[in-house]
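Biologist: Got a minute to walk me through this one? I have the sequence and the structure open side by side.

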Amino acid sequence: MTGRLLEPAKAALLVFVASVLQVTIFSDVHILGGTPDLVLVTLTAIALLRGSIYGACCGFAAGFLVDTANLETLGVTSLLLTLAGYWIGRYGETTGRDRAHAPFVSVAVATILVQFGALILHYMLGDAVSARIVLLDALPPKVGLNLLLTLPVYAVVRRLFAFASQPAAATEVRLLG
Amino acid sequence: MSSRSATALRRRIVAGVLVLLSIVLITIYFREPSGGGLHSVQSAGATVLRPFEVGAQRIARPFQDAYGYLAGLIHAKSQNEELRRQIDQLSQRQIQNSTALRDIGFLKRELHYVSSPEFPKDYRPVTTDVISRPPDEFQQQIVVEAGAAEGIRRDDPVVTPDGLVGKVTEVAHNSAQVTLLTDPSISVSALDFQTGALGMTGHGQGPDTLTLDRVLKSQTLNVGDLVETQSFRFGKLTGIYPEGIVVGTITGASQRDVDLYWQAQIRPRVDFSSLRSVIVLVPKSRGGS
């Protein structure tokens, strides 16, 4: 029972910490016109390692926290990150798991799709958005920065979840031959 | 239902519910007023998150400062170059504006002079810029940006609103050489405006000084009197300078027993060292060429 609660608790803690760090520190970092998205990278790692349900739930929670802290329209980031988490989780459950390039591919594709999705959603909500700034100026450096974050974040998340799901110890030994 | 199908169904239900919940949140948040329930929840949530944000900011502050310092150093060079370029551009623009302002001042004065009663009636003004100045003190000529094409001919008088400058001595199609009043070859018939004493104005001893010569001792000269050009007509011969053009002010006058004439110095009204534009007086009698 403790083990079953430990994983969601760790995921929640990761999402919370990533969201707070994103709204306080990473949103102020502007390199070559782009801003790294720690929440998306963390979500990618969680979803790849724990599947689509974790991905969708963590995405929703992270989006809710980010929108709450930024006083933005509630649900917008949740919708984008829910879909992103679910898709990355499905990729991890099917073909991506145990492939070394999976985190990088997932982060790159998710960053691009989330950016496109955000542009469309904000446009539909009537916000003043510039496709040139979002897609041409900000997106390429954002993808690069997220890829730089991928390796350390994925390593930390994998290590945390490894402790949460220790393989069951062997109870008996059968001699072969 | 197999375990695999149940898991897939559960997965889709969870994702569908969360997507639907997000859309509901967006819809309610977008439609409700700013004091609505969801806004209140968000406000409360932001208040709860605030201490964590402050804590994170305090922890990150030294790193952010270090990052800002390094980023500032990296960008300092390019910013420096950009600012220097802007300074150069602005300086250039300021010089252009100052020059334009000064030109406007000159042109206004010239326009005022040309339309005033002081301007000689029998002449047509050709206002032109000075394009070349004397390279040393031995040459007392300037070159103006108007020539035969504007109807200018040799010996045409040249003035400014301040007074007489000299006369045209060489003419090209689009330029002309003007010999200044300070050149030894130039003499102008002049009179003391206050006393009516007649004489000849020519170059003086020092730079930018003139003398008034050939004034009989029987006539009167006073320091401070204004000296103007005096026209004359002798048969078919006429003076090349129109009457009433200011030459300068008498700064000193003396007479000795052995001299026949007064010795008088004149300070010219025109500053010959800073001429920028002049007016060439073209006689109307010459026609429109």
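Modeller: Sure. One definition before we start: a helix axis here is a line fitted to C-alpha atoms over the stretch in contact, and angles run from 0 to 180 degrees between N-to-C directions. Also keep in mind that this is a predicted model.

Biologist: Fine. At what angle do helix α3 of chain A and helix α2 of chain B cross?

Modeller: Their axes cross at roughly 90 degrees and come within 8 Å. Angles of 65 to 115 degrees count as roughly perpendicular, so α3(A) and α2(B) are roughly perpendicular to each other. For orientation, α3(A) covers residues 52-70 and α2(B) covers residues 37-114.

Biologist: Which residues meet there?

Modeller: From α3(A) you have Leu65(A), Asp67(A), Thr68(A) and Ala69(A). They meet Gln42(B), Gly45(B), Ala46(B), Leu49(B) and Glu53(B) in α2(B). By class, that contact has four nonpolar, three polar and two charged residues.

Biologist: And the whole interface, how many residues does each chain put in?

Modeller: Chain A gives 34 residues and chain B gives 26. Between them the two chains bury about 2600 Å², with 78% of that on carbon and sulfur atoms.

Biologist: Which residues of chain A lose the most area to chain B?

Modeller: Ile53(A), Phe60(A) and Leu74(A), which together make up 21% of what the chain A side buries.

Biologist: How many salt bridges are there between the chains?

Modeller: The count between chain A and chain B is one. The side chains of Glu93(A) and Arg11(B) form it, at 3.7 Å from N to O. Over all chains, the search of the whole structure finds ten salt bridges.

Biologist: Give me one of those ten from inside chain A.

Modeller: Take Arg50(A) with Glu7(A), where the closest N and O atoms are 2.8 Å apart. Arg50(A) lies in helix α2 of chain A (residues 38-50) and Glu7(A) in helix α1 of chain A (residues 2-24), so the pair ties together parts that are 43 residues apart in sequence.

Biologist: Switching topic to the strands. What does the sheet running β1-β2-β5-β4-β3-β14 in chain B form?

Modeller: A closed barrel of six strands with antiparallel pairing. Its neighbouring strands are turned by 45 degrees against each other on average, direction ignored. Helix α2(B) packs on this sheet, touching β1, β3 and β14 of chain B, and its direction makes about 25 degrees with that of β14(B).

Biologist: How many bridges join β2 and β5 in that barrel?

Modeller: Four, between residues 141-144 and 176-180 of chain B, and the two strands run antiparallel. Gln141(B) stands opposite Thr179(B) there.

Biologist: What about the sheet that runs β6-β7-β8-β13-β12-β9?

Modeller: That order also describes a closed barrel of six strands in chain B, paired antiparallel. On average, neighbouring strands there are turned by 40 degrees against each other, direction ignored.

Biologist: Where can I see β6 and β9 pairing?

Modeller: Look at residues 188-192 for β6 and 226-229 for β9, in chain B, with three bridges between them. Asp192(B) stands opposite Val227(B) in β9(B). β9(B) also pairs with β12 (residues 246-254) over three bridges, in the antiparallel sense, and Leu226(B) faces Thr249(B) across that pair.

Biologist: And from β12 onwards?

Modeller: β12(B) pairs antiparallel with β13 (residues 263-268) over six bridges. One pair to click on is Ala253(B), which stands opposite Ala264(B) in β13(B).

How values were computed: Residues are numbered from 1 along each chain as its sequence is written. Chains are lettered from A and ligands numbered from 1 in the order in which they are written. This is a predicted model: local features need pLDDT of at least 70, side-chain atom pairs count only at pLDDT 80 or more; totals for chains, interfaces and linings use all residues. Side-chain values use heavy atoms; hydrogens and water are left out. Two strands pair if DSSP finds at least two bridges between them. Angles under 35 degrees count as roughly parallel, over 145 as roughly antiparallel, 65 to 115 as roughly perpendicular and the rest as oblique. Contact means heavy atoms within 4.5 Å. Ala, Val, Leu, Ile, Met, Phe, Trp, Tyr, Cys and Pro count as nonpolar, Asp, Glu, Lys and Arg as charged, and the others, Gly among them, as polar. Buried area is the accessible area (1.4 Å probe) that two parts lose on being put together, summed over both. A salt bridge is a side-chain nitrogen of Lys or Arg within 4 Å of a carboxyl oxygen of Asp or Glu.
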